[in-house]
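Here are my notes on this model, pockets before strands. Please read them alongside the structure.

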Amino acid sequence: MAEALKLPAAVHQHLSDDAAPGADALADFIAEQLRIALAARAKASLLVSGGRSPLAFFASLSQRELDWPRVTISLADERCVPGDDDASNARLVREHLLRGRAATARFVALYVDGLAPEAAAREAEARLATIATPFDAVVLGMGDDGHTASLFADADGSAAGLDPQQSRRVLATYPRSAPHARLSLSLRALLDSRLLALAISGERKRQVIEAAVDAAPARLPIAALLQQTQVPLHLFFNA
């Protein structure tokens, strides 16, 4: 079993030695949270991030038995690219999560093709407002540079996104270290949830997240999630 990370005691750690069982464990956990939500309310909500890392989790979750027509899925961030672009998080969700049993879930995309980033952020905020809050679960990843969602240390727009007093729920960010302008939920929006799950793998990311425990969010944005105590944070780590 992977060794526990040096993180605040409030962070719930779920450890695995391999990516496949780690993805299944995360899928089991999120499916159970959605079942709990559906037992208590008419609808449930799940927000996810894109990229290649969560694809095994998407595939696993898509096969779980749930009342999927009552589940709404959306994104924590998105690239400002057409919905059929290889870089589109919406495309990844449609191809890898909205299939099998999960094909009947409602999906709310963030980016509207053709809009400039600032206009797209305003439209995404209106779309997100159709989902009741707090969100039942938000699943995030983390880059080797400590970014999460599309809140990058070097991105114009991220400082506002990391400001806990920010009233906007979706902002445009412009990372210099990654392609494409982005849409990202703000920290305040991410924390408007019943739980946060963070899925990462490998020694490099272990080092980054342990360094973020005492770091300023402006340097390692993931620190904003580690240092908050408002929402339960579950770390799923594959060695």
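1. Start with the second largest pocket. Its volume is about 180 Å³. It is lined by 13 residues, and Lys 43, Ala 44, Ser 45, Ile 131 and Ala 132 are the closest to its centre. By class, that lining divides into four nonpolar, four polar and five charged residues. Bear in mind that this is a predicted model.

2. Next, the largest pocket. It holds about 620 Å³ of space. Its lining has 30 residues, with Gly 50, Ser 53, Pro 54, Gly 141 and Ala 199 nearest the centre. Two or more lining residues come from each of α1 (19-40), α2 (55-61), β4 (77-79), β6, β9 and β10 (233-238). Helix α1 gives the largest share, four residues. The classes here are 14 nonpolar, eleven polar and five charged.

3. Strand β6 (residues 137-140) deserves its own point. Which way do its residues face? Ala 137 and Val 139 point one way, Val 138 and Leu 140 the other, and all are buried. In a regular strand, side chains alternate between the two faces of the sheet.

4. Which strands pair with β6? Strand β2 (residues 44-48) does so in the parallel sense, over three bridges. There, Leu 46 has Ala 137 as its bridge partner. Strand β9 (residues 196-201) also pairs with β6 in the parallel sense, over three bridges. In that pairing, Val 138 stands opposite Leu 196.

5. Now link the two topics. Strands β6 and β9 pair with each other, and both give two or more residues to the lining of the largest pocket.

How values were computed: Residues numbered from 1 in each chain as written. Predicted model: local features only at pLDDT ≥ 70, side-chain atom pairs only at ≥ 80, totals over all residues. Heavy atoms only, no water. Buried < 20%, exposed > 50% of the residue type's maximum accessible area, 1.4 Å probe, protein only. Pairing = 2+ DSSP bridges. 1 Å grid on protein atoms, 1.4 Å probe; cavity = no way out; pocket = protein on both sides within 12 Å on 5 of 7 lines; lining within 4 Å. Points joined across faces, edges and corners; volume = space filled by probe spheres on them. Nonpolar A, V, L, I, M, F, W, Y, C, P; charged D, E, K, R; others polar.
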